[in-house]
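This report describes how the parts of a protein model are arranged. Please have the sequence and the structure at hand while reading.

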Number of protein chains: 2
Amino acid sequence: MAVPAFPYHSRVTSVRATAIELGLDAVVVTHPANVRYLSGFVGTAGALVIDRQRWTLIVDFRYLTFGRELQSAQDELTSMNVLLAERSEDETIVDLLRSTGAQRIGIEAASMSVARFNRLSTALAAGAPTPLNADAPCPVLVAGDRIVERSRIIKDTMEIETIRRAGLLLSRVARALMPDVVRAGRREVDVATDIDRAMREAGFDRPAFETIVASGPQSALPHARPTARVLHVGDPVLLDFGGVYDGYCVDLTRTVQLGPSTAEFRRMFAAVAAAHDAAIGAVRPGVLTADIDYAARQVLEARGLGDAFGHGTGHGLGLEVHEEPRISKRDPGRPPTAVECGMVFTIEPGAYVPGFGGVRLEDDVLVTADGCEVLTQVPNEIG
Amino acid sequence: MAVPAFPYHSRVTSVRATAIELGLDAVVVTHPANVRYLSGFVGTAGALVIDRQRWTLIVDFRYLTFGRELQSAQDELTSMNVLLAERSEDETIVDLLRSTGAQRIGIEAASMSVARFNRLSTALAAGAPTPLNADAPCPVLVAGDRIVERSRIIKDTMEIETIRRAGLLLSRVARALMPDVVRAGRREVDVATDIDRAMREAGFDRPAFETIVASGPQSALPHARPTARVLHVGDPVLLDFGGVYDGYCVDLTRTVQLGPSTAEFRRMFAAVAAAHDAAIGAVRPGVLTADIDYAARQVLEARGLGDAFGHGTGHGLGLEVHEEPRISKRDPGRPPTAVECGMVFTIEPGAYVPGFGGVRLEDDVLVTADGCEVLTQVPNEIG
């Protein structure tokens, strides 16, 4: 595995600042995308402990070589430590936390399981000095919210370069689909296989999610999985696919009607395209994400398709295919999110009419100082 | 999506018995594989609430049609209820739990996040009658351990049929790899792409995990990902792949050396093959999983490769590619697991020598009354 360049020191510094702001002495990062973001480490296990001084990656024996490569690729001043989990990862985390003397330890509440939280808490308490007293209190785990995600929501230069390149590659895949890959007589699953192969050939590591090819009435199900259904002339066909490129996700949807288009399809398509364009037009620093959603929703409502649009307008993209920010209706239970330069998200309004079918159009945008850059460049109508 | 036959009522009955044994009035099932196991529901969201009387699937609008199909496919006596999450899934769960009057509510601690646990707990407490008293105590969420997994570890007839069929299909894919797909001059990624395509063509829904094609020194990394490395004559090539068939996972590994085999490779291969055969020979009802692991480990130790075998001997297969039972060293912190009829797991010893390469051989077995049935039928040497 090639060892990438090292933007990690500045990312860790940013997360450490968040931790200090939250009154935390240390942070245990266990969500794989966050571990990767802060260390470059990619694996099915691995944790990162960030305290006020140090920054330690914990790996098991399977990943020790890779961990050491990551460590040695850094300059000495900013060096990450690498620690082998000799017994379990959790025991190693607890031993390390004890050695730091940290008292308030943030964990990632959105992804850490209740069982792991209880295991770590019990182990920390078991090692605390007795009797407990104010000079040597028992360390506590604090349910942290978005500790790393606050940094990840704004992409840095290296991330933007990667996502921009990925957007270009995905656009090429989309532009090559018609008329050969998507045509009457083929099965949904075969079209999906071809799209996946085209993504790999374009340079993607893998699909970012299970490719959706939904034809005819299936297209009315926003999350349909490809079936053995054969595409027919007259079918709306919804194609939603994305790839992972050097760890980063991009995502695109187009909908076509096979053969001569019908008035009903054209009407829905025009409405969704207008909603899509209105939402993209609304993107700029300072606007609320809910206002971008409203821009799309308003267009569909005005055309009688408000109820046909049951999902949000978009979602953030990065190391995960669904991350912050969410571009959706205002949620009274949460503070509103203002758009900032460097955010990357999808714009994907849709309309779904049970029995007839659906239309969705999705592109990826990067927020810039004066609006946004559309990272996927594909005509709305690829048919 | 085809609606499957309904083994769900007996599975729910078994989980309800576990809940009663644990003193729980209700169980909230949120781990997707467990929701699927108990209802047939497949989706990115969805929860199941099982109380002493009812059995309710909660879905959002995207999955309402599918949920209703699942419901109507059952006979009336055993019917599952389907509830639309009008607001959030969590709010619907809390409303439903309140309506049942359940006091001790089991959640799945191994997978539920700390944040969700806190959200549900707070919402339940907010709705509790005040002042609190013994007649109307506040409902509590109890961190449940393996509530559904205790049932899943023993496969039922329908599951066994599916996995048996999947094993046959995966064996066919493996037997067709040599000499064309895996040969000198090809890149690891291209071999992986071909394996994935062959699995799809054989009838698998998708790969069960990212296919491993690890050649030359890469083969010494047990979890290597395919790279652009070109296969050369003399390379050991480790191929580890699996497919999901009708929801169920199978998993297989073979290792070949390209061109004339070397004495060092033959020595490692023979040792791993002997360990693999010894472990399979040890499988029968009543034996401890740690003893199966020991059977493999002992063979490798006797040949000086004990330290080269750093992982466990196997893992359970089912709706997840890594599930119970684990076939590994005795863990002093956990009760031992005895093998039972109807368990399905992999046997996959390996030996890895940094700088030279690795060998792993993996098959899937079903425990039977007098030993086991090997579900993957492929010669150890496919070269």
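Domain bounds are taken from an automatic or database domain assignment. The model is predicted, and local features need pLDDT of at least 70, side-chain atom pairs count only at pLDDT 80 or more, and totals for chains, interfaces and linings use all residues. Residues are numbered from 1 along each chain as its sequence is written, while chains are lettered from A and ligands numbered from 1 in the order in which they are written.

**Domains of chain A**

In chain A the assignment gives domain 1 (8-151) and domain 2 (153-374). The centres of these two domains of chain A, taken over C-alpha atoms, are 36 Å apart. Five residues of domain 1 of chain A are in contact with five residues of domain 2 of chain A, contact meaning that the C-beta atoms of two residues, placed from the backbone, lie within 7 Å. On the domain 1 side, α2 (32-39) and α6 (149-152) of chain A each supply at least two residues, and α2(A) gives the most, with three residues. Helices (H or I, at least four residues) and strands (E, at least two) are DSSP runs, numbered from the N terminus.

**Contact between the chains**

Chain B and chain A each bring 26 residues to their contact. On the chain B side, α5 (114-126) and α8 (188-202) of chain B are the elements that give two or more residues; α5(B) gives the most, with four residues.

The table sets out residue classes, where Ala, Val, Leu, Ile, Met, Phe, Trp, Tyr, Cys and Pro count as nonpolar, Asp, Glu, Lys and Arg as charged, and the others, Gly among them, as polar.

| Side | Nonpolar | Polar | Charged |
|---|---|---|---|
| Domain 1 of chain A, touching domain 2 of chain A | two residues | no residues | three residues |
| Chain B, touching chain A | 12 residues | eight residues | six residues |

**Symmetry**

Copies are superposed by least squares on the C-alpha atoms of residues with pLDDT of at least 70 in both. A turn of 180° and a shift of 0.1 Å along the axis lay chain B on chain A with an RMSD of 0.0 Å. The two copies are therefore related as by a two-fold rotation axis. In chain B, the C-alpha of B:S113 is nearest the axis, 2.1 Å from it. Both copies use the same surface, as 92% of the contact residues of chain B recur in chain A.
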